[in-house]
Structure formats: C-alpha cells, structure tokens
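Student: I would like a close look at a single part of this model rather than a tour of the whole. Please keep the answer connected.

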Amino acid sequence: MIWGIFKRDMCHATRNVIAVIVSMGLVVVPALYAWFNIAASWDPYGNTKALKVAVANNDKGYKSDLIPVRVNVGETIISTLHANDQLDWQFVKSDKAIDGVKSGEYYAAIVIPKGFSADMMTLFSPDIKHAQLKYYLNEKINPIAPHITDQGATTVVNTIDKTFAKTIAQVGLDLASSILHYSQSPQMAEYMRNLNGNLTTTADTLSGASQQVTSYSQLLGSANDIVDSTGKLLASATKAGKQAQNALKQGKSGATSLTSAGANVTSSVNTALDQVSGAFDQVAAKVNKAFDAIGKGSDTAASQLTTLSEQVSSGESLYDTYITSLNHMRESVEQLPDSDSAKQALLEAIDREIALLEAAKGDSQKLAQQLKDASTQVTQDTAAAESSRKEILNRITSAKQSISNVRDDYATNVKPKIDALASTVSTLISQTDSMITQLSGTADDLDDVTGDVGTNVTSIRSALGAIAKKLDSSAATVKELIAKLETGGNAGDGNSDGGDGDNDADSGESDELRALATANASTLSTLISAPVALHRVSVYPIANYGSAMAPFYTILSIWVGAIILCAMLKVTISDREKAHVLGLGDTLPRIAGPSGPGNASRWGLRLDHEYFGRYAIFALLALLQGTLVCLGDTYFLGVQANHALQFLAVGWLAALVFSNIVYTLTVSFGDIGKAVAVVLLVMQVAGSGGTFPIETLPKFFQMLYPFLPFPHAIDAMHAAMAGSYGNEYLLDMVYLALFLIPSLLLGLVLRKPVIRLNNWVSRNLESTKVM
C-alpha cells in the first residue's frame with residue numbers, strides 16, 4: 001500500500017514540465033537560502049577596510065626637562081594609521097569627524113585631544129593623569145559595525161601603549177648605556193672619590209650631631225632635676241620666710257649686742273695692748289740688767305735671759321686671744337648680705353688688723369728666740385754678748401712699734417667701721433623683712449610654673465631622643481652607601497687585584513649590566529613594550545568565518561525546506577487516490593463514509609499506510625534538499641569538511657528528522673501545524689547556539705536547548721567539519737535521531753483521537769472563504 005501511494009505520487013510529480021520545475025524548485029530553494037547566507041558571511045571581518053572611521057588630531061605635543069625631545073603622540077598615531085588597512089581611516093578635522101558620525105558618513109570617529117602627549121608624559125611627575133582618546137560611535141547604522149570599529153579603536157590604543165612603552169624603554173636603555181660608559185671614565189672615578197670623601201664627612205657630621213643632641217637631652221635632664229629642686233625650694237620658701245622673719249627679730253637685738261661687743265673689744269684691746277707695751281719696757285730693762293751682769297757671773301745672766309724668754313713667750317696668748325675675737329667678728333660680718341657696702345670694707349679692715357697682730361706676734365716669737373739664743377751665747381762667748389744685746393733691744397723696739405701699729409689701726413679703721421655697720425644692720429633687717437614677705441607670695445606663683453616646665457622638658461627630651469636615633473640611622477645609611485660605592489668601584493675595575501668571592505659576584509653583575517647596556521636598544525625596547533606574545537594554538541581549527549557559520553545556515557535551510565514542502569505538497573490523500581491504490585476505480589464505495597484519513601481501512605489501506613505512503617515523497621525531496629545543500633557547501637562554496645561523508649550524513653539525517661516533524665505537525669493539525677513548525681523555527685534560530693554560545697543566552701533558552709533538534713544537528717556537523725572528540729559525533733547523531741520517536745508517536749497514534757476535530761476545524765476555516 002505504501003509503495004503504491006509513493007508510485008502514484010511520483011507519477012503525478014513528473015507528469016508535466018510545471019510539476020518537474022516546481023519539484024526542482026522545492027529542492028533548490030533551501031540550498032539557495034543556505035548558500036546566500038554562507039557566502040555573505042564568508043569573511044566579514046576580513047572586509048572591514050571599507051568601514052569609514054574618522055580620525056582627528058588636535059595634539060599640541062610636549063617637551064619635558066627629563067627627555068629634551070619634543071614628543072607628539074598624536075602625530076605618531078596618525079603615521080601608524082596611515083599604514084593600517086583594517087579600516088578605512090579618514091583623517092579630518094575634529095568638527096567634521098563628529099558631524100560625520102552623526103550624519104552616518106562615518107561609522108565612528110577618534111579625536112585626539114590637545115593635551116594628549118602632555119597627559120601621557122605625566123608618568124614622570126607626581127601628578128599622573130590618564131591620557132584619554134575621545135571615541136564617537138554611531139550605533140544605529142548597523143548592529144555589528146560598532147563591534148568592528150571598537151576593535152579598530154582598541155588597536156589604536158594598543159598601538160599607542162606599545163609605541164609609548166617602546167620609546168620610554170629605548171630612551172632609558174640609551175641613557176643607561178651612556179651612564180655606563182661615563183662611569184668608566186677617569187673623570188667619573190675622580191667624582192666618585194670626591195663623593196666618598198663628602199659622604200664620609202656627612203656621616204661623621206651626622207654622628208656628631210647625634211651625640212650633641214644626646215648631650216642636649218642629658219643637659220635638659222639635669223635642668224629638669226634643677227627645676228624639680230627649685231620647685232621644692234620655692235615650695236618651702238614661705239615657711240623659710242616666716243622663719244627668717246623670726247630670725248630678723250633676733251637680728252635686731254644682735255645688732256645692738258654687736259655695738260656693745262665692739263665697744264668691749266675696743267676696751268679690751270686697748271688694755272691688752274697697753275699691758276704688752278709696758279711688758280716690753282720691763283723686758284728691755286731686765287735685758288740690760290742681765291747683760292750688765294755678764295762679767296760678774298755668766299750663769300746668772302743666762303738664767304735671767306732664759307726667764308725673760310719664757311715671759312715673752314707666755315705673752316703670745318694675748319695675741320691669740322685678740323686674733324680669735326677678730327675672727328669671730330669676721331664670721332659675723334660675713335653673714336651679712338653682699339649688697340651691704342660696709343661689709344667688704346669692714347672685712348678688709350679686720351683682715352689687716354689680724355695681719356698686724358700676726359706680725360706683732362711674730363716679733364714677740366723672734367724676741368723670745370733671740371733671748372733664748374743670747375742665754376746660750378752668754379755662757380759660750382762673752383765677746384758676742386754685746387752684739388746680742390743690741391739686737392734684742394732693737395727687736396723689743398720693733399715689737400713695741402708693732403703693738404703701736406695694731407692699736408692705731410684698730411682705732412682708725414676697725415672701730416669706726418664696726419660702729420657704722422651696727423648702724424646699718426637695723427635698716428638692712430627691716431628691708432630684708434619686706435623682701436621675705438614678697439618672696440613668700442612669689443613662691444606660690446612660681447610653684448605652678450616649675451611643674452609646667454618639668455612637663456615640657458620631658459617632652460623635649462623624648463623628641464631629642466627620637467632625633468638622635470634618626471641621625472644615627474642616617475649616618476648608618478650613608479656609611480652603607482659608601483661601602484656599596486666602594487664595592488661598585490672595585491667591581492668596575494675588573495678585579496685587578498684578584499678580589500674575593502663577593503667582588504667576583506659584583507663583577508659578574510657589572511658584566512651583565514654592561515652586556516645589557518651594549519645590546520641592541522631597539523630590540524630590547526620592543527621586548528619591554530610587549531613582553532608577552534600571544535601564541536594562538538587552534539584546537540579543531542575552522543578555515544574561515546563562512547565555514548564556521550555553515551552548519552547553522554545549512555541546518556536552518558533544511559528546516560525551511562521541510563516547511564516549503566508541506567506548504568507546496570498535499571499531506572492528505574484524496575479518496576480518488578485511495579481508490580486507485582486499492583484498485584477500486586476512481587471512487588471509494590459509499591460505505592467508506594466522509595473523505596478523511598483512515599476511511600479506507602476496511603479495504604486494507606490503514607492510517608499508517610496513508611502516513612508513510614504520502615511521507616515517502618516528502619522524505620525523498622527532503623533527502624534531495626539535504627544532499628544538494630551539503631554538496632554545494634563542500635564543493636561549490638568550499639566550506640571546510642574534513643570528513644565529507646559524515647558531513648553529508650548529518651544533512652541526510654537532519655532532512656529526514658525535520659521533514660518528518662513538519663509533516664507530522666501538518667498531518668495532525670493542518671495549517672495550524674504549519675504555523676507551529678514556523679514557531680519552532682523561530683525558537684531554534686535564537687536558542688540553537690549556532691551564532692552565540694548557549695551560555696550567553698537567557699536562562700530560558702539554556703533550559704530549552706537540550707529539547708531542540710537544531711543544537712544537536714549543528715554540533716554533529718561541526719564535528720564532521722573539524723574533527724570529533726571521542727564519540728561526540730555519534731552521540732549527536734543519536735540525539736538527533738531520537739526526535740523521530742515523538743514525531744512518529746504523534747503521527748501514528750496520538751493524532752487518531754483528534755482527526756474528527758481537525759476535520760471540523762478545517763471545514764470551519766474554509767467556510768470563512770478567507771482562510
């Protein structure tokens with residue numbers, strides 16, 4: 001039955017020229033759809049040179065002190081773009097460039113601002129600015145053009161970055177080479193020696209400054225102790241002032257007693273001096289008497305002289321008593337304030353009086369000694385006795401004169417000054433009392449000041465300690481620099497003295513630096529500007545963009561071909577055709593009932609016979625469509641197909657699956673099924689992953705992806721074109737073939753209950769005379 005239906009369909013399709021032409025058209029049209037799209041997208045990114053992009057250079061350039069060469073990055077960009085053919089670069093003024101983008105004359109425009117070079121050179125200043133290009137883009141002209149022009153603008157930016165980095169690196173390498181050559185000159189060696197000397201002086205200066213700061217800190221520590229002591233002293237000033245006031249009251253009575261004491265001393269001095277003077281007169285008389293007795297008896301004379309010597313010696317106690325009294329008086333006077341004008345004069349007078357008494361005492365001692373010596377000479381040498389008498393008498397006269405001088409000096413100098421001092425003591429005591437009262441008030445005010453001073457001194461000492469540490473650290477750094485400079489100088493000499501291991505290492509580093517500086521600066525600067533090179537390794541490479549898009553457009557055209565077949569060919573079999581297949585003439589018997597699927601089943605033409613019998617011509621034309629489009633892709637367009645037979649097999653399987661799905665929908669639901677087939681086409685264009693990766697699509701399409709035939713057919717065709725990873729190709733073919741199961745289930749089983757409903761819907765649509 002199926003074969004009979006297929007033979008009659010083939011006879012009808014080839015009965016006349018029009019039928020043959022239409023049949024050929026049904027086969028060719030899907031192929032044309034695929035070929036036009038593939039050819040149009042064969043190499044779109046290789047033909048971007050026709051896209052017009054305007055470039056306007058307003059850069060004024062820049063000249064820095066560091067690099068005394070005028071830099072104009074804008075001119076460098078223009079020169080680079082003249083040699084670039086990726087886009088159709090149009091070099092115009094900025095106003096025309098912007099207006100051209102707005103009008104659609106240019107797809108995009110790049111404007112280089114005035115300060116572009118200056119902003120780039122801020123790399124060598126503390127205030128770094130990011131150089132910016134102004135990029136104008138007309139996004140309404142074409143959806144892909146903005147992405148292409150963006151790539152062109154990115155190329156410009158990358159070119160600028162690489163050129164700038166290369167220029168800076170080349171200047172740096174040239175500068176390093178010049179410095180290396182200059183560092184090996186005799187003049188540089190002399191500079192290094194001077195530098196080492198200056199650095200050594202600087203280090204010593206820093207160390208000395210640190211020591212001075214430390215000394216200042218210690219001095220302030222002592223000052224802090226003094227301040228603390230002063231605070232304590234001032235704290236007790238009030239108490240001491242009160243005690244001093246009490247002492248001054250006693251000083252008033254002391255002043256009175258000083259006057260009376262001076263008078264008593266004067267009286268006792270005059271008495272004592274008169275006694276001593278009279279005693280010397282008696283001694284002189286006794287001396288003469290003793291010497292007169294020398295001739296009568298030497299022993300008697302010697303005895304008398306010895307007695308006189310002892311008497312004179314015993315008189316020395318009077319001098320000591322008087323000297324002691326004057327010393328006590330002197331101690332009292334010294335306790336007076338230094339501001340007293342009478343103090344120093346009185347002290348000098350007392351000292352002179354003591355000196356005169358000491359001289360008189362000395363004369364008495366000499367007199368006693370001479371008397372003693374004379375007593376000895378009298379017994380030994382009578383002839384010398386007369387000479388001794390004269391010396392003793394002269395000594396007595398001298399001693400009396402000394403006594404007289406003491407008495408006169410005391411009366412002239414000491415006594416008046418004691419009286420004057422006594423008169424001023426009272427005035428001094430009253431003034432001192434007032435001063436102590438003021439001091440008590442001042443001490444209270446100064447107490448707070450000393451506390452603040454102590455706090456400030458502690459803070460200053462802490463700061464000085466930190467400064468001293470910084471100075472020591474700086475001195476150590478300078479010394480370390482000196483050592484490194486000396487090491488570098490030795491290494492630069494090539495280790496002429498043999499050197500040790502460290503010098504050998506330094507020499508090796510110097511040799512490496514020398515080799516780097518003497519290398520090709522252009523090559524090194526190019527490496528520095530682009531240190532990383534991208535080595536692209538293609539896995540399953542595709543020859544071109546057209547080949548990459550061929551699976552999508554090929555599979556899409558096969559589905560479109562299936563829709564065209566269902567639109568041009570009848571999917572149902574008329575009763576007349578059923579009758580001819582059954583051999584019943586031109587019509588079915590009346591008992592067959594209304595025309596429709598399955599009405600000839602009692603004569604052996606079942607519903608599945610009708611389904612497969614009519615689908616046979618659909619399958620044949622669909623296979624022809626798939627064969628033509630795949631062979632045309634491979635041999636007409638030159639699409640890459642590493643496995644041509646596998647590529648063709650995907651087209652055959654896709655043609656069978658797609659034609660069966662569209663045929664089943666149309667058989668089951670009529671024109672509504674055709675509409676559903678179109679909806680499925682639209683859904684698969686968006687969610688198949690043929691143009692964009694599935695991962696970039698919305699979540700809905702990612703979830704829908706496994707349940708659509710397009711993705712599996714496209715993946716299988718990609719595997720046939722570029723190679724398969726494991727069983728990738730076979731799995732995709734199996735997944736694609738599995739879509740026949742629900743399609744056949746719908747066409748053979750599920751559509752039976754809705755046949756009457758579908759016939760009713762079709763009659764109602766035809767009754768409108770419009771549908």
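Which residues form a nonpolar patch on the surface, and how much accessible area do they have together?

Tutor: Keep in mind that this is a predicted model. The nonpolar patch on the surface consists of Val-17, Ile-18, Ile-21, Val-22 and Met-568, and together these residues have about 490 Å² of accessible area. Helix H2, which covers residues 17-40, gives the patch its largest share, four residues. One residue of H2 is Ile-18. Ile-18 has a relative accessibility of 59%, and it counts as exposed because the cut-off for that class is over 50%. As background, 37% of the 771 residues of the chain count as buried. The accessible surface of the chain comes to about 42,900 Å², and carbon and sulfur atoms hold 58% of that surface.

Helix H2 also takes part in another feature, since it is among the helices that each supply at least two residues to the lining of the largest pocket. Helix H15 (545-568) is another of these helices, as are H1 (2-13) and H17 (607-636). The largest share of that lining, eight residues, belongs to H24. In total, 45 residues line the largest pocket, and those nearest its centre are Lys-570, Val-571, Thr-572, Ile-573 and Arg-614. The volume of this pocket is about 1,200 Å³.

For the setting of these helices, the chain has 24 helices and four strands. Among its contacts with a separation of 6 or more, 78% are between residues 24 or more positions apart.

Terms used: Residues numbered from 1 in each chain as written. Predicted model: local features only at pLDDT ≥ 70, side-chain atom pairs only at ≥ 80, totals over all residues. Heavy atoms only, no water. Buried < 20%, exposed > 50% of the residue type's maximum accessible area, 1.4 Å probe, protein only. Contact = heavy atoms within 4.5 Å. Areas by Shrake-Rupley, 256 points an atom, 1.4 Å probe, with all protein chains shown as cover. Patch = residues over 30% accessible without salt bridge, like charges linked within 9 Å, V, L, I, M, F, W, Y side chains within 5 Å. Salt bridge = Lys/Arg side-chain N within 4 Å of Asp/Glu carboxyl O. 1 Å grid on protein atoms, 1.4 Å probe; cavity = no way out; pocket = protein on both sides within 12 Å on 5 of 7 lines; lining within 4 Å. Points joined across faces, edges and corners; volume = space filled by probe spheres on them.
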